[in-house]
Amino acid sequence: VTTAVYSGQFSVWSNESSPTGCQFKTDGTKMYIIGTTGDDINEYALSTAWDVTTATFTASKSVSAQSGAPNGLFFKADGTEVYFISTATPNTVFQYTLSTAWDISTASYSGNSVDISAQGITSYTEIRLTPDGLEMYLLWAGSLQKYTLSTAWNVSTATYASESTPLSGLLGTYGRGFTFKDDGKSLFLCGKDPDLIVEVSIDGSTYATVTYPAAFNFPGGVAPDVPRLSEANILDFVTTDGGTSWHGTQIGEDYK
C-alpha cells in the first residue's frame, strides 16, 4: 500500500450524496455504491475496467423496504448475492438475491437477515464474507468482529464467533472500511481522523491443543495453564501450513 499513488476520481453526488459503501464487479467493469440519501444501491458501468473516471450510471435498487441508513456493501464473487448493514435499530445484516448476476435492478430481498445488535454496537461501517461464504467480518470504530455461517452464504445462519480484533493501535478514531487480500494473508483498513489506509500482515499461524502422556506428573495432578515465573525451559510451537511442519522456540534463544 506504500506504493499507491492517486490516479483519478468519479463523483457519485448526482445519485448519492452520502455514500457509505462501495464494491466492484470481479472483472472491474462495474462499480456499486450504497448510501443513506436514497437508501439504495447504485450501479455504474466502467468502459475501462478498474478506471473509475470512465464510470457511467446504469441502474439502482432501493433497499428502503428493509433498511434505513444502509452501510457497507459486499457481493458474492459470482454476482448473485449482495449483503449490506442497516445501522437503523436494530442493527441488521440483510441479504438480497440477483436473478441476473451483477444486474442490481434484478435484486430482491431474499428473506435472509441477521440481527447484530447483541454486541452493543451502533455504528458498523463495513462487511466482508470469506470466499467460501462461511465467515463474515464486520467493522466498527473500535474493532473487527467475526461471525460464522452454518450454511454458506445464508446470512440468517450467522452467529457471533466471540472473536474480535481491536483496532485502536492501527487506525484513528473511526474505522471506515476494510478488505482482505485474495489469499487472506493481508488486511487493508481505512480510517478517519486521521484519514489513512493501513496494511496488516496475517501470517496464518495456528495453535494446537496438546494432550500430555499419562506418564507425565504435575504438582497437584493438573497441567499448568502458564509457566511458572522461575521456569527457564519454555517451548513455544507454531505452524503456518496447517500442521504439516512446526517451528519451536525456546525462550531466550533463536528459532531451532
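Okay, let's start at a turn: β14 and β15 make a hairpin with three residues between them, and aspartate 193, sitting in that turn, has a positive phi of about 60 degrees. Keep in mind that we're looking at a predicted model here.

So what holds this hairpin's two strands in register? β14 and β15, the latter covering residues 196–201, run antiparallel and are joined by six bridges. If you want one pair to find on screen, take phenylalanine 188, whose bridge partner in β15 is glutamate 199.

Now look at the other side of that phenylalanine. Phenylalanine 188 of β14 also stands opposite threonine 179. That brings in β13, residues 174–180, which pairs with β14, residues 186–192, again in the antiparallel sense and over six bridges. β13 and β14 form a hairpin too, this one with five residues between the strands. Which residue there takes a positive phi? It's glycine 184, with a value near 75 degrees.

Okay, moving back along the chain to another sheet. Four strands, in the order β9-β10-β11-β12, form an open sheet with antiparallel pairing. Which strands are at the edges? Those are β9, 126–129, and β12, 158–166, and each of them pairs on one side only. On average, neighbouring strands of this sheet are turned by 20 degrees against each other, if you ignore direction.

Let's zoom in on the β9 end. β9 and β10, the latter being residues 135–139, run antiparallel and are joined by four bridges. A pair to click on there: glutamate 126 stands opposite leucine 139 in β10.

That's my tour, thanks.

Conventions:
Residues numbered from 1 in each chain as written. Predicted model: local features only at pLDDT ≥ 70, side-chain atom pairs only at ≥ 80, totals over all residues. Heavy atoms only, no water. Pairing = 2+ DSSP bridges. Axes fitted to C-alpha atoms, helices over the stretch in contact; angles between N-to-C directions.
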